[in-house]
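Trainee: Before we begin, could you take me through this chain one part at a time?

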Amino acid sequence: MRFYEGLAAYATDDKEKAALEKLASPAGAATLKEYQEVETYSFVDIFDLFPSARPTGSELVQLVSPLKRREYSIASSQKMHPNEVHLLIVVVDWVDQKGRKRFGHCSKYLSDLNVGSELVVSVKPSVMKLPPLTTQPIVMAGLGTGLAPFKAFVEERIYQKEQGHEIGEIYLYLGSRHRKEEYLYGEFWESCLDAGRNIT
């Protein structure tokens, strides 16, 4: 809303100015929602809709809020992979109302990186924790990339078992529409079962 309110000040066409001011008000909430969720307009699309609103480059960066950081759950146990962090990321993409292919900023950026590229990241503690006793059973359910922390939990239990600890039962419920395309970490789950580990 702040963007549209600020952009309205640069509109030289009265109708466009009024439309931008409405978008920034409660009266324009339905239209704004359509722009964001149905049409999935980008800033470029907005400038096409309101051609009289043309801030300079330096003015534009004051109007556009910085992208919020994207957080991903770590999909690996630090004990099993002390020098690595595994992530489970699916590239976000869709086709907009005009038939144009659109992508999520972060997932597309990461998928386009070359192997060996360096990134600046930060790691923060997870709010999800394993139970304190290794003998306590764990029941997990995850769809799609929601599997990431559960793979880390299973790896952690595997590590604990290798250290001689008794391990409680592990139940993991997962689902996907297409096994061929979306059976994420399928080989890992199968290897756990084949090895006779107590994961169901």
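Trainee: Which residue caps the N-terminal end of helix 2?
Mentor: A side-chain oxygen lies 3.0 Å from the backbone nitrogen of Lys 15. A polar contact is a pair of N or O atoms within 3.5 Å, one able to donate a hydrogen and the other to accept it; neighbours in sequence count only if both atoms are side-chain atoms. A helix is a DSSP run of H or I with at least four residues, numbered from the N terminus. The residue that caps this end of helix 2 is Asp 13.

Trainee: What should I know about the model itself?
Mentor: The model is predicted, so local features need pLDDT of at least 70 and side-chain atom pairs count only at pLDDT 80 or more, while totals for chains, interfaces and linings use all residues. Residues are numbered from 1 along each chain as its sequence is written, and side-chain values use heavy atoms, without hydrogens and water.

Trainee: How wide is the arc that holds the buried residues of helix 2?
Mentor: Helix 2 covers residues 14–23, with Glu 16, Leu 20 and Leu 23 buried (under 20% relative accessible area, 1.4 Å probe, protein chains only). These buried residues line one face of helix 2, because, seen down its axis, they fall within an arc (taken from the directions from the axis to the C-beta atoms) of 55°.

Trainee: Which exposed residues sit on the face of helix 2 turned away from its buried side?
Mentor: The buried residues of helix 2 pack against helix 1 (2–8), helix 3 (29–38) and helix 4 (43–49), with contact meaning heavy atoms within 4.5 Å. The face turned away carries exposed residues (over 50% relative accessible area), namely Asp 14 and Lys 15.

Trainee: Which helix gives the most to the lining of the largest pocket?
Mentor: A pocket is an open set of points on a 1 Å grid, with protein on both sides within 12 Å along at least five of seven lines, and lining residues have an atom within 4 Å of a point. This pocket has 43 lining residues, with Tyr 72, Ser 73, Ile 74, Val 85 and Val 123 nearest its centre. The elements giving two or more residues to that lining are helix 6 (105–112) and helix 7 (148–162). With 6 residues, the one that gives the most is helix 7.

Trainee: How much space lies in the largest pocket?
Mentor: Volume here is the space filled by probe spheres set on the grid points. For the largest pocket that comes to about 1,600 Å³.

Notes
1 Å grid on protein atoms, 1.4 Å probe; cavity = no way out; pocket = protein on both sides within 12 Å on 5 of 7 lines; lining within 4 Å.
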